[in-house]
Amino acid sequence: MEDEMKLLLAKLIEILDDISSFSEFHCSVRHQCRHLLRGLRLLAPLFEELQEFQGKVPENTIKAFVSLMDSFIKAKDWLQFCSNGSKIYMILGMDQMMHKFQELAGQFVKALSEISLDEIDISEEIKEQVELVHIQFARSQKQLDIPDLELFKDFSLVFNQNNEVGTDPAVLQKICAKLNLMSAEDLEKDSIALHAMHVASGGNLEDKEKISILLKKFKDFFLAGHAKSNISADLVCSPPGCDGQGCHVHTTDLSSQSQNIPDDFRCPISLVLMKDPVTISTGQTYERACIKKWLDSGHRTCPKTQQVLSNTVLIPNHALSSIISIWCEANGVESPKKFGNLHLCKAFSACFVEGVKLDTLFSQLVSSNIEDQQSAAGEIRRLCKHNSENRVCIADAGAIPLLAELLYANDSLTQEHAVTALLNLSIRNANQRIIVSSGAIPGILHVLKSGNMEARENAAATFFSLSFVDDYKVSIGASGAIPALVALLSEGWRRGKVDAAKALFQLCLYQGNKRRAVRAGAVSLLVTMLTEPGCEMVDEALAVMAVLVSDPYGRRIIGVLDTLPTLVELVMNGSPMSKENAASVILHVCSGDPDHLSEAILLGVKDPLQDLAENGTIRGKQKAAQLLELIDSFGGQHEQSSTAY
């Protein structure tokens with residue numbers, strides 16, 4: 001294959017890995033984003049399989065892949081916009097948003113139609129998958145579907161309403177609920193993003209005035225008692241940069257706190273007392289969590305001044321932190337330093353679980369004392385082990401982000417307790433989303449690679465638990481977890497090997513992860529495990545092999561390693577599950593390969609297959625019947641060939 005094509009494929013896979021990291025989208029475009037994301041993910045196996053193609057790629061196919069890469073880059077930028085942009089902006093420009101999805105779909109239709117699938121050596125399974133994606137994009141290209149017409153109409157009514165006319169609070173309530181604008185703080189963050197988008201799009205002055213009026217209506221709605229608010233009036237009505245010279249934030253305390261907190265002690269974004277002040281390149285100081293969220297959303301400007309940042313380094317402002325602590329002590333306010341990164345749900349912070357007060361445990365989790373962290377993580381691990389109610393209460397109280405941070409602890413036992421606590425919490429389906437959204441996947445991978453053996457085992461089990469959600473299969477695979485799981489399968493203790501095999505099996509049900517496992521050496525390792533005397537993991541090894549054999553490269557490795565004698569023996573004498581999976585692997589290896597099929601027949605596979613077809617599991621019967629049909633067809637062809645001579 002030409003170097004140009006290899007580079008294109010590598011770049012496409014890299015971009016797709018980036019795209020796969022997106023998981024949350026604003027409600028107004030969620031359906032369209034997920035549809036686009038699903039289609040792109042289905043193309044991953046095509047790129048990975050083509051990397052093994054040795055022939056010459058047609059010129060028109062190379063050009064099609066160049067167009068495809070351009071469309072991938074545009075799709076990545078668009079999905080990032082839909083993930084981090086202003087919810088209000090997206091509703092205001094809903095028609096343009098829908099047309100953009102159609103435009104992207106059209107670009108993918110054009111690029112995919114120009115790929116000569118019949119002229120490159122890829123499996124029929126992949127060809128069918130690519131054709132399915134082509135059909136799906138063609139269908140979306142022709143549709144213009146505003147996902148929530150009622151929301152769009154309500155919002156347009158409020159936006160275009162005369163300023164003198166009062167707006168029905170019930171309408172605002174409905175809009176806020178659908179946009180998930182549940183507090184004035186939510187509105188504040190969205191208004192910052194809204195202004196940045198409006199300026200970037202070259203919005204006109206009339207719309208700018210309407211936006212200011214609209215934001216004031218929402219602000220008044222929150223201040224009227226529909227939600228608690230600490231938001232600055234000027235920040236809502238005039239987002240950063242709206243006067244051309246930056247935002248002048250008035251930090252009036254709208255929640256009527258008893259303490260008069262100095263303005264310099266408040267974060268310009270959240271307007272609450274800073275716990276962990278950091279300074280950015282423009283010299284402005286923010287709460288670390290707030291500015292990090294701003295930067296993680298893709299912004300590269302200072303929220304307060306709108307200056308472009310020369311870098312994104314966050315420098316701890318120790319001097320201000322000390323001054324805030326002194327002020328807190330002098331004014332009878334509990335110092336925020338005691339809480340670190342502690343984020344508690346007020347409804348649960350004072351909750352007792354089996355006589356243990358959660359806020360005490362959580363304070364220990366963020367303590368600088370490693371013994372406190374270790375003890376608290378171990379206690380949460382214990383509390384979540386068997387009790388489903390405890391899993392609900394502890395997760396809803398805010399434990400998961402705190403445990404995720406401890407995955408990087410220098411103490412191996414603390415790591416072990418933290419990852420095992422997350423494993424126990426993941427048994428509850430609702431907690432799986434919190435674990436992934438808290439950014440725990442890289443931390444779990446860190447433990448899987450470098451933790452003690454029990455921690456590694458439980459990290460693998462956590463990935464297995466999370467991988468039942470299809471989107472998480474993609475995220476975990478893209479994180480680099482599969483080579484680490486293969487390593488544990490090779491060097492772990494018995495339980496660790498089983499956990500690694502289960503996780504690999506579940507993850508590789510997603511086609512794009514199969515090639516990752518094959519490249520990590522999973523197939524040759526599984527073959528070795530099957531041929532080892534007294535192997536205790538035959539069922540698990542065969543189950544994973546039966547998934548990986550559908551990958552062409554994996555199938556070739558199984559054939560080259562002379563695995564057929566072992567597989568035939570397992571069809572004869574294995575457990576019901578082993579017989580089923582061994583028959584499945586033999587079927588894949590022998591399909592289209594008369595040499596391997598002839599070898600299997602000589603090894604005596606036919607009689608045990610007939611027994612399996614009558615007495616096996618449902619899937620075992622199906623695989624045996626298909627393989628027997630293949631053998632009969634081969635026998636007929638062989639007889640015709642002999643007669644011709």
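**View A. Trp-78 is a buried residue, with a relative accessible area of 12%.** The model shown here is predicted. The value for Trp-78 falls under the 20% limit, so Trp-78 counts as buried. Phe-81 is partly exposed, at 23% relative accessibility. Both residues belong to helix 4, which spans residues 59-84. Three residues separate Trp-78 from Phe-81, about one turn of the helix. An α-helix has 3.6 residues a turn, so residues three or four places apart point the same way. Lys-100 lies over the face of the Trp-78 ring, 5.8 Å from the ring centre.

**View B. Seven aromatic pairs occur in the structure.** In the pair of Trp-78 and Phe-81, the ring centres are 5.1 Å apart and the planes meet at 15°, so the pair is stacked. Where do these two rings sit in the fold, and how far apart in sequence? Both are in helix 4, three residues apart. The rings of Phe-108 and Phe-137 also have centres 5.1 Å apart and planes at 15°, so this pair is stacked. Phe-108 comes from helix 6 (residues 94-113), and Phe-137 from helix 7 (residues 124-142). The pair therefore ties together parts that are 29 residues apart in sequence. Phe-108 and Phe-137 are both buried. Ring pairs join Phe-108 and Phe-137 with Phe-47, Phe-65 and Phe-72 in a cluster.

**View C. Cys-82 lies in helix 4.** Its relative accessibility is 0%, so Cys-82 counts as buried. The partner shown is Phe-22, 60 residues away along the chain. The C-alpha atoms of Cys-82 and Phe-22 are separated by 9.7 Å.

**View D. The second largest cavity holds about 60 Å³ of space.** The search covered the whole structure and found four cavities of 30 Å³ or more. Rolling a probe the size of a water molecule over the atoms shows where empty space is left. Which residues line the second largest cavity? They are Ile-13, Leu-16, Asp-17, Ser-20, Ala-44, Glu-48, Val-474, Tyr-510, Gly-512 and Arg-516. Helix 1 (3-20), helix 3 (44-50) and helix 26 each give at least two residues to this lining. Helix 1 has the largest share, with four residues. By class, five lining residues are nonpolar, two are polar and three are charged.

**View E. In helix 21, the buried residues are Ala-440, Ile-441, Gly-443, Ile-444, Leu-445, Val-447 and Leu-448.** What covers them? The cover includes helix 18 (399-406), helix 19 (412-425) and helix 20 (429-437). It also includes helix 22, helix 23 and helix 24.

**View F. Helix 24 (residues 481-491) also has buried residues.** They are Ala-481, Ile-482, Ala-484, Leu-485, Val-486, Leu-488 and Leu-489. These side chains belong to residues that pack against helix 21 (440-450), helix 22 (453-466) and helix 23 (470-478). They also pack against helix 25 (494-507), helix 26 (511-519) and helix 27 (522-531).

**View G. Glu-457 is buried, with a relative accessible area of 3%.** Glu-457 lies in helix 22. Which residues is Glu-457 in contact with, leaving aside its neighbours within four places in sequence? They are Leu-488, Trp-493, Arg-495, Gly-496 and Asp-499. Leu-488 is one of the buried residues of helix 24.

**View H. Asp-562 has a positive phi of about 55°, although it is not a glycine.** Asp-562 is in the loop between helix 29 (552-560) and helix 30 (564-573). Buried or exposed? Asp-562 falls between the two, partly exposed at a relative accessible area of 49%.

**View I. The whole protein has 34 helices and five strands.** Of its 645 residues, 51% count as buried. Among contacts between residues at least 6 apart in sequence, 70% join residues at least 24 apart.

Note on methods:
Residues numbered from 1 in each chain as written. Predicted model: local features only at pLDDT ≥ 70, side-chain atom pairs only at ≥ 80, totals over all residues. Heavy atoms only, no water. Phe/Tyr/Trp six-rings, centres within 6.5 Å; stacked < 30°, edge-to-face > 60°. Buried < 20%, exposed > 50% of the residue type's maximum accessible area, 1.4 Å probe, protein only. Lys NZ or Arg CZ within 6 Å of the ring centre and 35° of its normal. Contact = heavy atoms within 4.5 Å. 1 Å grid on protein atoms, 1.4 Å probe; cavity = no way out; pocket = protein on both sides within 12 Å on 5 of 7 lines; lining within 4 Å. Points joined across faces, edges and corners; volume = space filled by probe spheres on them. Nonpolar A, V, L, I, M, F, W, Y, C, P; charged D, E, K, R; others polar.
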